[in-house]
Amino acid sequence: MSAYSGVVDQVVAFLNTLDVRSFGSHEGGDVLSAWLGEDDRNGLAEGLRGALRNALSEGAEPALAAFPLRLVPDSAGGLRLAAQSPVPALTPIVETVANAVATGAWARIKLCAAPECRWAFQDVSRNGGSRWCSMAVCGNRHKTRAYRQRRS
């Protein structure tokens with residue numbers, strides 16, 4: 001288990017409120033509205049989710065500029081990163097992402113390399129080189145497909 005697992009679980013769950021898989025092996029689905037209730041009338045949550053998923057797969061994402069951060073005093077007399085979102089339910093997500101970036105945990109959040117899956121997961125491998133959300137499902141499909149192509 002990674003030292004960052006508790007930090008990024010909420011972000012991974014948020015990213016997985018969009019289910020783009022073409023098969024059903026994970027629980028979840030498009031449950032973003034259940035997370036937010038009626039709070040997000042402007043689609044900011046979908047925009048944030050899309051921007052974070054793009055940042056994981058493509059790198060820089062300009063849409064994240066809509067979620068500014070600032071330094072505020074914490075209860076221990078230090079400073080912490082704070083976000084202020086027009087959708088209060090998104091504030092902890094933005095703050096968790098900012099902290100994950102600052103601590104290096106963001107590099108361990110990945111999207112499954114299988115084009116028919118793209119499920120977000122936390123890479124808990126020692127070297128951080130995992131490509132699939134599940135070796136038993138997506139990894140096996142990829143390796144079986146590659147094997148069959150080599151044999152034909």
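Start by selecting Arg 145: this residue is partly exposed, with a relative accessible area of 39%. You're looking at a predicted model, by the way. Now add Glu 116 to the selection. The two form a salt bridge, and their closest N and O atoms sit 3.5 Å apart. Trace the backbone between them and you'll see that the pair ties together distant parts of the chain: Arg 145 belongs to helix H5, Glu 116 to the loop between S3 and S4, and 29 residues separate them. Buried or exposed, what is Glu 116? It has a relative accessible area of 19%, and since buried means under 20%, Glu 116 counts as buried.

Next, go to Lys 110 and Asp 123. Here is another salt bridge, with 2.8 Å between the closest N and O atoms. This pair also links distant parts of the chain, 13 residues apart: Lys 110 is in strand S3 (residues 109-111), while Asp 123 lies in the loop between strand S4 (120-122) and helix H5 (135-151). Switch on a surface and look for the two of them; both Lys 110 and Asp 123 are buried.

Now select Arg 80 and Glu 95. Their closest N and O atoms are 3.7 Å apart, and the pair forms a salt bridge. Once more, distant parts of the chain are linked: Arg 80 comes from strand S2 (residues 79-83) and Glu 95 from helix H4 (residues 91-103), 15 residues apart. Check the accessibility of each end. Arg 80 counts as partly exposed at 38% relative accessibility, whereas Glu 95, at 17%, counts as buried. How many salt bridges does a search of the whole structure find? Three.

Time for the cysteines. Select Cys 112 and show its side chain: Cys 112 is buried, with a relative accessible area of 0%. Which cysteine sulfur is closest to that of Cys 112? It's the one in Cys 138, 3.6 Å away, which is too far for a bond. Move on to Cys 117, which is in no disulfide either; the nearest cysteine sulfur belongs to Cys 133 and is 3.7 Å away. Cys 117 counts as buried too, at 0% relative accessibility. If your viewer draws a bond at either spot, ignore it: the cut-off for a disulfide is 2.5 Å between the sulfurs, and the count for this model comes to zero.

Then pick helix H3, residues 44-58. Its 15 residues reach 20 Å from the first C-alpha to the last, close to the 21 Å expected at 1.5 Å a residue. Color the buried positions in H3 and you should get Ala 45, Leu 48, Arg 49, Ala 51, Leu 52, Arg 53, Ala 55 and Leu 56. While you look at their spacing, keep in mind that an α-helix has 3.6 residues a turn, so residues three or four places apart point the same way. Step just past the end of H3 to Gly 59, where phi is positive, near 100°.

Finally, zoom out and color by secondary structure. The protein chain has five helices and four strands, and reading along the sequence gives the pattern α-α-α-β-β-α-β-β-α. Of its 152 residues, 39% count as buried. Turn on the full surface as a last view: the accessible area of the protein chain comes to about 8900 Å², with 51% of that belonging to carbon and sulfur atoms. And among contacts between residues at least 6 apart in sequence, 49% join residues at least 24 apart.

Notes. Residues are numbered from 1 along each chain as its sequence is written. This is a predicted model: local features need pLDDT of at least 70, side-chain atom pairs count only at pLDDT 80 or more; totals for chains, interfaces and linings use all residues. Side-chain values use heavy atoms; hydrogens and water are left out. Helices (H or I, at least four residues) and strands (E, at least two) are DSSP runs, numbered from the N terminus. The expected span of a helix is 1.5 Å times one less than its number of residues. Buried means under 20% relative accessible area, exposed over 50%, partly exposed in between (1.4 Å probe, protein chains only). A salt bridge is a side-chain nitrogen of Lys or Arg within 4 Å of a carboxyl oxygen of Asp or Glu. Contact means heavy atoms within 4.5 Å. Accessible areas come from the Shrake-Rupley method with a 1.4 Å probe; for residues, only the protein chains shown count as cover.
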